Amino acid sequence: MHVSAGRPPHVDFPLTSAPHPSATPAPASPASASLPHDRARPLGKGSVYPAKDLCSQCGLCDSRWVAYVKDSCAFLNQRFEAMETSAHGRSRDLDNEDELYFGVQQRMITARLRQPIEGAQWTGIVSRLGVRALETGLVDAVLCVGQSDDDRFTPVPRLARTPEEVLSARVNKPTLSPNLEVLEQLPGSGIRRLLAIGVGCQIQALRAVQSTLPLDALYVLGLPCVDNVSRQGLQTFLDSTVSSPETVVHYEFMQDFRIHFRHSDGREETVPFFGLDTPKLKDVFAPSCLSCFDYTNAGADLVVGYMGATFGRQWLTVRNPKGQQLLDLVEDELDVAPVTSRGQRQAAVQQGIEAYDKAVKLPLWLADLIGFFVQRFGPQGLEYGRFSIDSHFTRNALWLRRNHPEKVAAHIPAFAQRIISRYRLPTR
């Protein structure tokens, strides 16, 4: 069931709009006094969640908004067109190549903060946006992800109410994070205007329950996300890839086809994509990520990430007026440039489909050689973003076909189907 704006899923009665401030409030009817989430209780941690093995641990089921999970969970019910139309006023134009790949947009740019935030993964645009949203009074709180006192990579979602709290959450945590569990804290908190920062599966669920939240305004700052892992899976990746797993602060898959790791002592280390221990890592990614087609965060007002930019810059996509309102908070602090695109991705994607499927592991010298040529002649900028999307969409379609064939028809959205159809997939 697709849910239109202003009507929560599973509600069998119409919701009335808010009365004019001068109007005399009418007595609450039994129906309007009790919504499904008022009667629901969060599932216990460690429970079997409704999406079962496909659960991305977005946190919705850890709040009373579990009442709407059947229609809100990205892995139970795909609703891209309805979500885009509700959030942006229209769905993406499948005949526009940029929108086919990157979603509804009003504007795409690359940028970096002229005065970078110390300790940020890039220059700190996301953190600065959160700080400015609080400083200007645009919002009362920012939903962001801090870290455990005991472990840098264990995510701790929070409702940050001060710039200091936002800044303490800087740097990506590349693990599954229950961001939406903090919805449980909203009733009675005094928070009426919220900036939510999250990845695609979290934002799909958030958009689906948005009309039931005790908020006057919601702004959504989206991060591109692909190939997330559990904390244990992350450790497997680090142990098999990098020289000193215990000192890694953050890392990024970059357009030179190398993974760039930064260590706590400031040292940087790079590893070629093609030199990864694919047989060991092939099954480390979460099943939710292997069945996800929302790499570019279709429901966010503004997306800030790396995938469509070049070295040292970030890629920003404004999807609607709220997204521009967010960008307005920091644009005069940014070095802004147009997006660029170079190279050809198709041959590399097609070759990569079979190589990944067979879990090919190359000797390091060959991985470095291939990486050198791909870096020099391969895709960059938006073309690198398309390369990454093509590679992951084809891989995920194969994974779904083999592991959940009953979900293929309903689970792969139209834009992903069109992209996948451009490539030859193994038939077995």
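The following questions and answers concern one predicted model.

User: How is this model to be read, and what is the mean pLDDT of the chain?
Analyst: In this predicted model, local features need pLDDT of at least 70, side-chain atom pairs count only at pLDDT 80 or more, and totals for chains, interfaces and linings use all residues. Residues are numbered from 1 along each chain as its sequence is written, and side-chain values use heavy atoms, with hydrogens and water left out. The pLDDT is the predictor's confidence in each residue, from 0 to 100; 92% of the residues reach 70 or more, and the mean for the chain is 89.

User: Over which residues is the pLDDT below 50?
Analyst: Where pLDDT is low, the predicted coordinates should not be read in detail. One such stretch has 39 contacts in the model beyond near neighbours in sequence, a contact being heavy atoms within 4.5 Å. The stretch with pLDDT below 50 is residues 1–32.

User: Is Ala286 buried or exposed?
Analyst: Ala286 is found in the loop between helix 10 (278–281) and strand 9 (302–305); helices (H or I, at least four residues) and strands (E, at least two) are DSSP runs, numbered from the N terminus. Leaving aside residues up to four places away in sequence, Ala286 touches Leu176, Asn228 and Val229. Buried means under 20% relative accessible area, exposed over 50%, and partly exposed in between (1.4 Å probe, protein chains only). Because its relative accessibility is 7%, Ala286 counts as buried.

User: How many of the 22 residues of helix 14 are buried?
Analyst: Helix 14 covers residues 382–403 and should span 32 Å at 1.5 Å a residue, which agrees with the 31 Å between its end C-alpha atoms. The expected span is 1.5 Å times one less than the number of residues. Helix 14 is largely enclosed by the rest of the structure, because the number of its 22 residues that are buried is 18.

User: What accessible area do Trp365, Leu369, Phe372, Phe373 and Phe377 have together?
Analyst: Leu369 lies in helix 13 (residues 364–377) and counts as partly exposed because its relative accessibility is 40%. Patches are made of residues with over 30% relative accessible area and no salt bridge, like charges being joined within 9 Å and nonpolar side chains (Val, Leu, Ile, Met, Phe, Trp, Tyr) within 5 Å. Accessible areas come from the Shrake-Rupley method with a 1.4 Å probe; for residues, only the protein chains shown count as cover. The five named residues form a nonpolar patch on the surface, with a joint accessible area of about 600 Å².

User: Which residue meets Glu97 in a salt bridge at 4.0 Å, N to O?
Analyst: A salt bridge is a side-chain nitrogen of Lys or Arg within 4 Å of a carboxyl oxygen of Asp or Glu, and the structure holds 26 of them. Glu97 is partly exposed, with a relative accessible area of 32%, whereas its partner is buried at 5% relative accessibility. The side chain that meets Glu97 is that of Arg345.

User: How far apart are the closest N and O atoms of Arg112 and Asp335?
Analyst: Arg112 is partly exposed, with a relative accessible area of 34%, and Asp335 is partly exposed at 28%. These two residues form a salt bridge, and the distance between their closest N and O atoms is 3.1 Å.

User: Which residue forms a salt bridge with Glu333?
Analyst: Glu333 is partly exposed, with a relative accessible area of 23%. Its partner is also partly exposed, at 22%. With the closest N and O atoms 2.8 Å apart, the partner of Glu333 is Arg128.
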